[in-house]
Amino acid sequence: MNLSDYLYLAFTSLKEKKGRAAGAALGVMIAVLALSLALGVGESFQKAFVEQLQSTIAADSVFVIGGYAGLTDADIAYFKSIPGVKDAQGVLMASGVVYTESGEKPVNIVAVDPSFLPRYLGVSDMRKAVAEGETEPRGLGVLVSYSLWRDQETGRKLLDVGSVLNVRVGGRNVQVFVVGLLEQTSSSMSMGHDFQVATIYMDPDAFFTYLGRTRNYPVAIVLVENLDALDSITENIRALAPPGSRIISAAAMVKQFTSLVGALQLFIALISAVGMGVTALWIFDSTTISVTQRTKEIGILKALGYTSGDILAVFLLETVIVSLVGAAAGLLAALASSSVVKISAFGIQIGVALTPHTAGLAVLLPLAANVLAAFIPARRGASLNPVEALRYE
């Protein structure tokens, strides 16, 4: 018996029970559509959520908070020498006040290597972060945050490029001038600094010269080249860091969040699989009825030389054809819906990501469930005794 014989018998049977076949195909279409959308939304959410985390908490970073003595340039050099480390930078931070026309205003002072500043601010290019002026602090020329140069209530501009600021940190006073006005940004590496508070970004050398008492950094940020080596890199950092230092791995946090989102995606898919289960029950019932109605036909086929395996293959091929027709319709419906379905969650706009992996799962899962559901009654029909089958009325 060749493939054309199998197909002829399967299509002939489906034509005779076209009502039940159409219902089964419709059920498969709904199951595939629901699974595609659920898995696609989950895939899109996971990607968007992880990207959001990476821009918010710097996924490839390990933060080293120095002890009482802080971290030195030698410590930073040690961190850079660790295999798998892409870069390491010390960050200088201090709290002070700035004198404005309305009186004293709390201010954070941050000093980091200008080449590292875009990374600290969570932007790919400093030109995207600067509203006016220069993109780097230099000497006593500083960049100021949006909350410092713009009145948050009235929107009135308080500072211009070239404005002079008097800053006091501890017992030291320094006069700086504004070279750049920043847009509203939220640092991915603020390490506890509240970015609603006004912030001044200085050149590290100027900070050490005019505000720092010692050339020590309270915080170092280590960028990891390969997240797979995160654990060993963290251990090396811990071994090299001064006593009393604290190590915080943002990458480990992202891994935990990714696992959580993956579990959520699986949960959504399981809920959507209810339609798949209903369709499988329909296929089981339809195949059982078909076996009963075609008992005499099975006896005739066996008398003509068809084996039990041939009969089983015909029944299962019917299920595969119905499932593939329904799956194709479901995928087309999902593709059409993917450009329309948009969900807002946690401030993220989530669409439907119909990847080959998602589409494959959405088709294969219902197909496997339907074939399994059809196998039990089909096997029972294929094992009928031909003599008894021919006598069946």
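**Figure 1. Tyr146 and Trp149 in helix 6 of the predicted model.** Tyr146 counts as partly exposed because its relative accessibility is 22%. Trp149, by contrast, counts as buried, with a relative accessibility of 3%. In this predicted model, both residues belong to helix 6 (residues 146-149), where they stand 3 residues apart, about one turn of the helix. A search of the whole structure finds 3 aromatic pairs. One of them is formed by Tyr146 and Trp149, whose rings meet edge-to-face at 5.3 Å centre to centre, with 75 degrees between the planes.

**Figure 2. The aromatic pair of Phe208 and Tyr217.** A pair of aromatic rings is described by the distance of the centres and the angle of the planes. For Phe208 and Tyr217 the centres are 5.5 Å apart and the planes are at 80 degrees, an edge-to-face arrangement. Both Phe208 and Tyr217 are buried.

**Figure 3. Strand 1 and its two pairing partners shown here.** Strand 1 comprises residues 61-65. It is largely enclosed by the rest of the structure, because 5 of its 5 residues are buried. In a regular strand the side chains alternate between the two faces of the sheet. In strand 1, Ser61, Phe63 and Ile65 point one way, Val62 and Val64 point the other way, and all are buried. Strand 1 pairs with strand 9 (residues 219-224) in the antiparallel sense over 5 bridges. Its pairing with strand 10 is also antiparallel and runs over 4 bridges. Ile65 takes part in both pairings: Val219 stands opposite it in strand 9, and Arg246 is its bridge partner in strand 10.

**Figure 4. The two faces of strand 10.** Strand 10 spans residues 246-249, and its side chains alternate. Ile247 and Ser249 point to one face and are buried. Arg246 and Ile248 point to the other face and are not buried. Arg246 is also the residue that forms a bridge with Ile65.

**Figure 5. The largest nonpolar core and the surroundings of Phe79.** The largest nonpolar core has 42 residues, of which Phe79, Val144, Leu165 and Ile200 touch the most other members. Strand 2 (residues 85-100) supplies the largest share of this core, with 5 residues. Beyond its neighbours within four places in sequence, Phe79 is in contact with Val64, Leu71, Val85, Ala88, Ala220, Val222, Ile237, Leu240 and Ala241. One of these partners, Val64, lies in strand 1 and is buried.

**Figure 6. Val178 in strand 7.** Val178 is found in strand 7 (residues 172-182). With a relative accessible area of 1%, Val178 is buried. Outside its neighbours within four places in sequence, its contacts are Val142, Val144, Leu159, Asp160, Val161, Gly162, Ser163 and Leu165. Among these, Val144 and Leu165 are also named among the core residues that touch the most other members. The C-alpha atoms of Val178 and Val164 are separated by 6.4 Å, although the two residues are 14 residues apart along the chain.

**Figure 7. Ala129 in helix 5.** Ala129 has its place in helix 5 (residues 126-129). It counts as buried because its relative accessibility is 0%. Pro118 is 11 residues away from Ala129 in sequence, and their C-alpha atoms are 8.1 Å apart in space.

**Figure 8. Two spans annotated as transmembrane regions.** An unreviewed UniProt entry lists residues 21-41, 263-284, 311-336 and 348-376 under "transmembrane region". Two of these spans are shown. Residues 21-41 are 100% helix and 0% strand, with 30 Å between the end C-alpha atoms. Residues 311-336 are likewise 100% helix and 0% strand, and their end C-alpha atoms lie 38 Å apart.

**Figure 9. Residues 191-195 and the confidence of the model.** Across residues 191-195, pLDDT stays under 50, and the model has 15 contacts beyond four places in sequence for this segment. Where pLDDT is low, the predicted coordinates should not be read in detail. For the protein as a whole, pLDDT averages 80, and 81% of the residues score at least 70. The protein has 14 helices and 12 strands, and buried residues make up 46% of its 393 residues. Among contacts between residues at least 6 apart in sequence, 79% join residues at least 24 apart.

How values were computed:
Residues numbered from 1 in each chain as written. Heavy atoms only, no water. UniProt positions renumbered as here; feature names shortened; annotations may be inferred. Core = buried A, V, L, I, M, F, W, Y, C linked by side-chain atoms within 4.5 Å. Buried < 20%, exposed > 50% of the residue type's maximum accessible area, 1.4 Å probe, protein only. Contact = heavy atoms within 4.5 Å. pLDDT = per-residue confidence, 0-100. Phe/Tyr/Trp six-rings, centres within 6.5 Å; stacked < 30°, edge-to-face > 60°. Pairing = 2+ DSSP bridges.
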